[in-house]
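Open your viewer and switch to a cartoon view. Keep the selection box within reach.

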Amino acid sequence: MDNSLIIALDFANRNEVEQFLQPFNGKQLFVKVGMELFYQEGPGIVHYLKDNGHQIFLDLKLHDIPNTVKSAMRGLARLECDLVNVHAAGGKEMMTAAIEGLEAGTAAGHKRPACIAVTQLTSTSEEQMNKEQLISVPLETSVLHYASLAKEAGLDGVVCSAWEALPIREKLGDSFYTVTPGIRMEEDNTGDQKRIATPEFAREAGVSAIVVGRSITRSKDPVTSYEKWVNAWRRVQL
Ligand SMILES: O=c1ccn([C@@H]2O[C@H](COP(=O)(O)O)[C@@H](O)[C@H]2O)c(=O)[nH]1
């Protein structure tokens, strides 16, 4: 997990994924399967990616009553992904149930998938959060609160923006993962993301992994783009 660049495979179907991966010539990547792809292709897409040696973040952001999340996680554990997630807004009891489900579904002698909680989506601004969720504290306070709940529930980390990574590490320790989408190069389109940061900023904040989607998947030359991103991410590690 540490220092990974996770590519968000936000594609409509397996055919598009195959077309995207083909020029990587078998390179083993850390990829994210989200709702768009999983709802279309189901578990088969996970098997396909695993069979090709890729590490997988299954980003389904479970958010339901504890019993339902526990049962769903029991099933997802059998896919043997590296990383799965829930929404912290589902509450501590729900997050505890997620871990119980993962443990119940993991074969004896195997390690359960790491589980992280989405705090505030990176597409949410502080103003939106205040007005629409009626949460009147600063956004960082809300993120830290959700991160603390996630840690108390036994989760392994959170999804947050790079802006909150340092305060989370200071409060909850370096071993608690901070996985950060909303990463952009200076020249990239922001799109729907509100809390964006560059790879250099993310590295300096000590995030565990960055998630990059459209900047790579929609570029004219995804392999060159991926290499540019990896170099930007690594350069500041030296
Ligand atoms: O808070 C969150 C949680 C998840 N995401 C996901 O990350 C990628 C980001 O894609 P970009 O194209 O680089 O914006 C996408 O799959 C989201 O579903 C997030 O952006 N923010």
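This tour goes strand by strand, then to the core and the ligand. Remember that you are looking at a predicted model.

**Stop 1: strand β1**

Select residues 4-8, which form strand β1. Now add residues 30-34, strand β2. The two strands run parallel, and 3 bridges join them. Look for Ala8: Lys32 in β2 stands opposite it. Next, show residues 14-21, helix α1. Together, β1, α1 and β2 make a right-handed β-α-β unit.

Stay with β1 and turn to its pairing with β8. These strands also run parallel, joined by 4 bridges. Pick Ile6 in β1. Which residue is its bridge partner in β8? The partner of Ile6 is Val211.

**Stop 2: strand β5**

Select residues 114-118, strand β5. Is this strand largely enclosed or open? Of its 5 residues, 4 are buried, so β5 is largely enclosed by the rest of the structure.

Now add residues 83-87, strand β4. β4 and β5 run parallel, with 5 bridges between them. Click on Val84, then on Cys115, its bridge partner in β5. Show residues 92-105 as well, for helix α5. You have another right-handed β-α-β unit, made of β4, α5 and β5.

Add residues 157-159, strand β6. β6 pairs with β5 over 3 bridges, in the parallel sense. Here Ile116 has Gly157 as its bridge partner in β6.

**Stop 3: the nonpolar core**

In soluble globular proteins, nonpolar side chains tend to be buried together. In this model, the largest nonpolar core has 64 residues. Select Met95, Ala98, Ile116, Ala117, Ala150, Val158 and Ile210, the residues with the most contacts inside the core. Which helix gives the most to this core? Color residues 139-152: helix α7 gives the most, with 6 residues.

Now center on Val158. Leaving out residues up to four places away in sequence, Val158 touches several residues, including Ile116, Ala117, Tyr146, Ala147 and Ala150. Ile168 and Thr178 are also among its contacts.

**Stop 4: the ligand**

Finish at the ligand, which 16 residues surround. Label the closest: Ala8, Thr122, Pro181, Gly213 and Arg214. Which elements give two or more residues to this shell? They are β8 (209-212) and α10 (214-217). You have met Ala8 already, opposite Lys32 in β2. Last, color the shell by class: 7 residues are nonpolar, 7 are polar and 2 are charged.

Key:
Residues numbered from 1 in each chain as written. Predicted model: local features only at pLDDT ≥ 70, side-chain atom pairs only at ≥ 80, totals over all residues. Near = placed C-beta within 6 Å. Nonpolar A, V, L, I, M, F, W, Y, C, P; charged D, E, K, R; others polar. Buried ≥ 20, exposed ≤ 12 C-beta atoms within 10 Å, placed from the backbone. Pairing = 2+ DSSP bridges. Right-handed = clockwise from strand over helix to strand, strands pointing away. Core = buried A, V, L, I, M, F, W, Y, C linked by C-beta atoms within 7 Å. Contact = placed C-beta atoms within 7 Å.
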